[in-house]
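Subject: Structure for your review

Dear colleague,

Please find the structure below, together with an account of what was found in it. I would be grateful if you could read the two side by side.

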Amino acid sequence: MTLDDIYKARYVLNKVIRTTNLIPASRLNPEADIWLKPECLQLTGSFKVRGAYYRISQLTPEEKKRGVVACSAGNHAQGVALGATQAGVKSIICLPEGAPISKVEATRRYGAEICLVPGVYDDAYRRALELRDEMGYAFVHPFDDENVIAGQGTIGLELLDQLPDVDVVVVPIGGGGLASGIVYAIKSLNPKVEVWGVQAAGAPSMFNSIRNKTVMALDSVNTIADGIAVKKPGSLTYDICSRYLDGVVTVTEDEICAAILALIEQQKMVAEGAGAVSVAAAMFNKVPVKGRKAICVVSGGNVDVTILNRVINRGLVQGGRICTLTLELEDKPGQLVAVSNIIASIGGNVVNVRHERNDDSERVTDCQLTLKVETRNAEHIEQIRQALRDAGFKLI
């Protein structure tokens, strides 16, 4: 792959994709000058359409006649389906059975034939290769393909055009196609710009591979960021990422949830878990953004709305916006009023109360009170705890 390939991809894609403009978001980390690249607002809701569309545009007439097959956790599927349908090419998409229904149905609406496969992404990948060999379809790899990487690399060109004095670019990594394209484009044009990759702690395949200096496969993956839940990076993407990235870090599930919540509240932007990992890394200083101008690539917005409420609640807990307090009280009138008054006087808001007589208490006459309280942050929680202790209440 060369830089010319990425420029060629930009020429092809300029006719079909949206140019997603940078959005300032300094509140996400007051110690840094943060900007967002909202590929969650791209066609199909993800950057994946870039690589998929460009790959399909490079098919030979014979390949177009036979059709294409692809595998995906959801976003690549939609990109392939859209690109194939617009090119008049038949597409079959293999998805893991656990893929969000919203992504499955969106892929179907773009015109693809769906093949659900038991297991995770890697199982869908094996089935797609079987169909390629059995039926002669052209396989559109989600990340380990030069044309796909070139398509994703067009984001790198846009970043340097939109913010030429950027110091750091933070990119999500699953299989590595997005990070490979962006880092190759940026390092080719301005090697001084740092590019960091981010993975979910529950799916650290590229993180482990680079640390051990060889491509490594995980036994299993477990993360809310289903779009980057990849057991094994590609050989091509590993080669590019290991050579050019300034580093790869991981973020926890709680940090991902907090980032999704922050994007909704502060930026009015909906990101899926995979798209929010770059923001999580910047928010929690997992990458060196302090005092610097940084761009976080928000790679996708196809969040499974059925779990969004749980994600938001977990993000509230991580950010100190909700806490649960359990107290052991004397079972006598006025105790609940006293506790409530203390919390209210400090600005807390009680949203749930559970009161039960507990046979395990030190004293037979004691009871247990559990409160769910809305708070401002971790410091506010500690103020409430300390005020309750000062008033003589026992926190469990």
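D123 and R126 are joined by a salt bridge between their side chains, at 2.4 Å from N to O. The model is a predicted one, and the distances reported here are computed from it. Both residues belong to helix 6 (residues 121-135); because they are 3 residues apart there, about one helical turn separates them. R126 has a relative accessible area of 45% and is therefore partly exposed.

A search of the whole structure finds 22 salt bridges, including the one just described. Another lies in helix 10, between the side chains of D239 and R243, with an N to O distance of 3.2 Å. Here the two residues are 4 apart in the helix, so that about one helical turn again lies between them. D239 counts as partly exposed at 33% relative accessibility. R243, at 53%, counts as exposed, because the limit for that class is over 50%.

The salt bridge between D254 and R314 measures 2.4 Å from N to O. This pair links distant parts of the chain, with D254 in helix 11 (residues 253-267), R314 in helix 13 (residues 308-318) and their positions 60 residues apart in sequence. Both partners are partly exposed: D254 has a relative accessible area of 28%, and R314 has one of 40%. Beyond these pairs, a network of salt bridges links K37, E39, R50 and E158.

Turning to the aromatic residues, the structure holds 2 aromatic pairs. One of them is formed by Y184 and Y244, whose rings are edge-to-face, 5.8 Å centre to centre and with 85 degrees between the planes. This contact also links distant parts of the chain, since Y184 is in helix 8 and Y244 is in helix 10 (residues 235-244), 60 residues apart. Y184 counts as buried because its relative accessibility, 15%, is under 20%. Y244, at 26%, counts as partly exposed.

Next, the internal space. The search of the whole structure finds 1 cavity of 30 Å³ or more. The largest cavity holds about 280 Å³ of space. It is lined by 26 residues, of which F47, K48, G175, G227 and I228 are the closest to its centre. Helix 4 (75-86) and helix 8 (177-189) are the elements that give two or more residues to this lining. By class, the lining comprises 13 nonpolar, 11 polar and 2 charged residues.

As for the strands, strand 1 (residues 23-24) pairs with strand 2 (residues 33-38) in the antiparallel sense, over 2 bridges. In this pairing I23 stands opposite L36 of strand 2. Strand 2 also runs parallel to strand 10 (residues 293-298), to which 6 bridges join it. I34 there faces A294 of strand 10 as its opposite residue.

One loop position may also be noted. G98 lies in the loop between strand 4 (91-96) and helix 5 (101-109). Its relative accessible area is 67%, so G98 is exposed. G98 and E194 are 96 residues apart in sequence, and their C-alpha atoms are 35 Å apart in space.

With kind regards

Definitions and conventions: Residues are numbered from 1 along each chain as its sequence is written. This is a predicted model: local features need pLDDT of at least 70, side-chain atom pairs count only at pLDDT 80 or more; totals for chains, interfaces and linings use all residues. Side-chain values use heavy atoms; hydrogens and water are left out. On a 1 Å grid over the protein atoms alone, a cavity is a set of points where a 1.4 Å probe fits but cannot get out, and a pocket is an open set with protein on both sides within 12 Å along at least five of seven lines; lining residues have an atom within 4 Å of a point. Grid points are joined across faces, edges and corners, and a volume is the space filled by probe spheres set on the points. Ala, Val, Leu, Ile, Met, Phe, Trp, Tyr, Cys and Pro count as nonpolar, Asp, Glu, Lys and Arg as charged, and the others, Gly among them, as polar. Two strands pair if DSSP finds at least two bridges between them. Buried means under 20% relative accessible area, exposed over 50%, partly exposed in between (1.4 Å probe, protein chains only). Rings of Phe, Tyr and Trp (its six-membered ring) pair if their centres lie within 6.5 Å; planes under 30 degrees apart count as stacked, over 60 as edge-to-face and the rest as tilted. A salt bridge is a side-chain nitrogen of Lys or Arg within 4 Å of a carboxyl oxygen of Asp or Glu.
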